[in-house]
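Look over the sequence and the model before reading on. The paragraphs below go from the contact between two chains to a single residue.

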Amino acid sequence: MLQAIDQIFITIFGLFSSFLLDTLGLPTELAQIIAILVQAIVVCTFAATTFLALTYTERKVIARVQDRIGPNRAGPFGLLQPLADAIKMFTKEQTVPDVADKLIFHIAPIFAAAPALMFFAVIPFGEDMVASDLDVGLIYIIALGSIAEIAILMGGWASRNKYSLLGAMRAVAQMISYEIPLVLSFMGLILITGSLNLNDMVVAQVVPFILLQPLAFLIFVTAAAAETGRSPFDIMEAESEIIAGFHTEYAGMQFGLFQMGEFLGFYGQACIMATLFFGGWRGPEMIPSWLWFWLKSWIGIFIFQWAFRSTFPRLRVDQLQAFCWKFLVPAAVLNVFVTAVVVKIAPVVSWQNGVLETVGGDFLGLGFGLGWLPVTAIYLAANAITIAILAVLYRGEVRRTVAQFEVRELSAEQPSAPRLDTEALPA
Amino acid sequence: MTAEQIVFFIIATITVVAALGMVSVASVFHAALLMVLTFLGIAALYMVMGVGFMGVIQVLIYVGAIAVLMIFAIMLTPKVMQVEGRSRYTKQWPYAAMLASGFLVVLVPPLMATPWPVQKDGELGVRDYAVELGMAFMDPGANGYLLVFWLTAALLLVALIGSIVIAREDL
């Protein structure tokens with residue numbers, strides 16, 4: 001029964017394919033193309049629906065953190081708010097600045113939304129449920145991020161607006177910088193798995209990789225939040241500084257497409273988090289694999305919304321770059337070095353003639369073998385060593401942060417201005 | 001004509017038109033964007049040919065790094081916002097054309113001499129050579145490129161560490 005539910009989407013798709021081939025009698029190639037198109041449409045529809053859900057949960061979560069209620073007028077608990085927003089977006093007038101570069105101005109939002117949708121082609125949503133099982137899935141995902149950069153540059157430039165141009169420059173400077181720790185945080189996982197295929201990475205996770213690579217997880221979450229321009233890394237559209245940056249001049253659904261690009265980009269990162277660090281569709285066989293994946297991806301979303309979006313104030317431009325280059329990149333490089341050594345001591349997978357086989361017991365299947373325990377202990381110890389080295393390297397910063405809190409406690413009666421980090425970036 | 005050929009010709013047309021547009025439009029920014037389109041077209045051609053790894057790397061390096069760097073440089077250059085009425089055809093274009101044709105002449109013989117792997121059964125979709133590529137990189141024998149791979153890796157690592165050292169004044 002559970003097996004049937006687990007494979008329900010694949011069964012439906014198989015029925016559809018045989019309907020095209022046998023009932024309609026289409027030639028094989030045409031049937032193949034139609035089947036691929038249908039897959040693409042299903043994945044895109046899922047993503048677009050998730051975008052609607054995200055706009056609602058984003059407001060609700062932030063509202064709860066800020067002790068408000070959030071949207072509560074349209075429908076029960078404000079559940080129809082996303083629909084109301086969508087209607088508003090579609091009926092609004094599309095304004096175009098007089099001096100704008102018209103063609104590029106109109107293409108940019110499409111360019112922003114398309115790579116965010118393409119993201120989901122390689123995500124394994126469940127067992128055997130991946131639209132395109134690319135062997136280089138992980139690089140594909142990183143490459144899509146660079147297309148999004150171009151879209152932001154196009155929008156910012158074509159608007160012919162100083163704030164837009166500033167926002168675009170900020171956005172691209174930030175995205176280029178944070179791409180490096182993001183990719184380096186994947187390196188440890190690639191070393192452990194020995195594959196760039198996302199499905200292989202899920203299969204390899206006898207232990208969720210968050211337990212083997214907690215430091216890489218922290219680096220990934222930070223870099224992913226910056227890569228998608230989430231607060232506190234939203235200097236690219238900082239409303240109070242540059243009036244929403246690159247999409248200042250956009251209205252109606254074109255603005256909606258930029259929003260879609262941002263939100264789906266961040267849902268994509270949550271999916272990557274679920275796939276690479278939480279064990280993807282693997283889990284105890286109580287519920288189907290796709291439900292596991294879906295739940296885990298929403299845990300990722302909640303982490304972004306609660307731990308980042310609604311908790312921290314916005315960073316300054318120089319602080320942002322300094323944090324990336326002075327802390328995240330060295331930490332990620334160190335993590336890669338340490339992991340490369342540990343992988344030789346405690347391998348998690350072995351490759352037999354191109355087929356991946358896991359070593360040690362199964363943690364996520366909740367089998368009671370304990371083979372995963374020593375491996376996890378070794379990796380955790382290695383991570384502890386890495387963090388200790390980092391703590392020694394950055395003892396100055398650590399001391400300064402601690403001192404900051406002590407001063408604040410002592411002089412509670414006459415609060416002084418918080419110490420500003422005045423170190424500027426080298427010219 | 002198979003579906004694969006139709007797809008190939010559509011993408012090839014877009015790529016060639018974008019490349020011609022890149023060298024002929026007046027605005028530098030438009031030229032840079034058309035260059036991005038050319039790169040994306042080439043990446044798509046790689047995908048059609050079944051080398052998904054090359055296609056993805058093409059997008060990552062050329063679109064993500066080189067094109068973005070160029071657009072950044074254009075934005076940081078003053079006076080490029082006013083491009084209307086300026087022609088791209090300066091006195092230098094014959095020399096540029098000569099240089100480009102010379103490069104083509106140099107490229108053609110090795111292109112003709114290389115035995116290209118052919119996808120036999122004409123199936124649609126991406127076949128990956130990532131594993132073979134990795135094997136070739138890591139092969140210390142005569143057919144491998146281990147030394148080149150190591151040198152490149154060392155160079156990139158030095159560049160990365162160098163950037164960190166420049167950023168950290170107090171280390």
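A polar contact is a pair of N or O atoms within 3.5 Å; within protein, one of them must be able to donate a hydrogen and the other to accept it. The model shown here is predicted. Between chain B and chain A, the count of residue pairs in polar contact, both at pLDDT 80 or more, is zero. The rule likewise finds zero salt bridges across the interface of chain B and chain A.

What, then, makes up the side of chain B that touches chain A? Its residues divide into 28 nonpolar, five polar and four charged. The elements of chain B that give two or more residues to this side are α2 (28-49), α3 (52-76) and α6 (146-167). Of these, α3(B) gives the most, with 14 residues.

In terms of contacts, 37 residues of chain B meet 38 residues of chain A. The size of an interface is often given as the accessible area lost when the parts come together. For chain B and chain A, the buried area is about 3,400 Å², and carbon and sulfur atoms give 79% of that area.

Now turn to chain A. Its mean pLDDT is 80, and 89% of its residues reach 70 or more. Among the elements of chain A, helix α10 (residues 214-227) has the highest mean pLDDT, 88, while strand β2 (residues 355-358) has the lowest, 68. Where pLDDT is low, the predicted coordinates should not be read in detail.

One residue of chain A serves as a closer example. A:T339 lies in helix α14 (residues 317-345) of chain A. Is A:T339 buried or exposed? A:T339 counts as buried because its relative accessibility is 2%, and buried means under 20%. Leaving aside neighbours within four places in sequence, A:T339 is in contact with A:G188, A:L191, A:I192 and A:Q213. The side chains of A:T339 and A:Q213 are joined by a polar contact of 3.2 Å.

Note on methods
Residues are numbered from 1 along each chain as its sequence is written. Chains are lettered from A and ligands numbered from 1 in the order in which they are written. Side-chain values use heavy atoms; hydrogens and water are left out. Contact means heavy atoms within 4.5 Å. Buried area is the accessible area (1.4 Å probe) that two parts lose on being put together, summed over both. A salt bridge is a side-chain nitrogen of Lys or Arg within 4 Å of a carboxyl oxygen of Asp or Glu. Helices (H or I, at least four residues) and strands (E, at least two) are DSSP runs, numbered from the N terminus. Ala, Val, Leu, Ile, Met, Phe, Trp, Tyr, Cys and Pro count as nonpolar, Asp, Glu, Lys and Arg as charged, and the others, Gly among them, as polar. pLDDT is the predictor's confidence in each residue, from 0 to 100. Buried means under 20% relative accessible area, exposed over 50%, partly exposed in between (1.4 Å probe, protein chains only).
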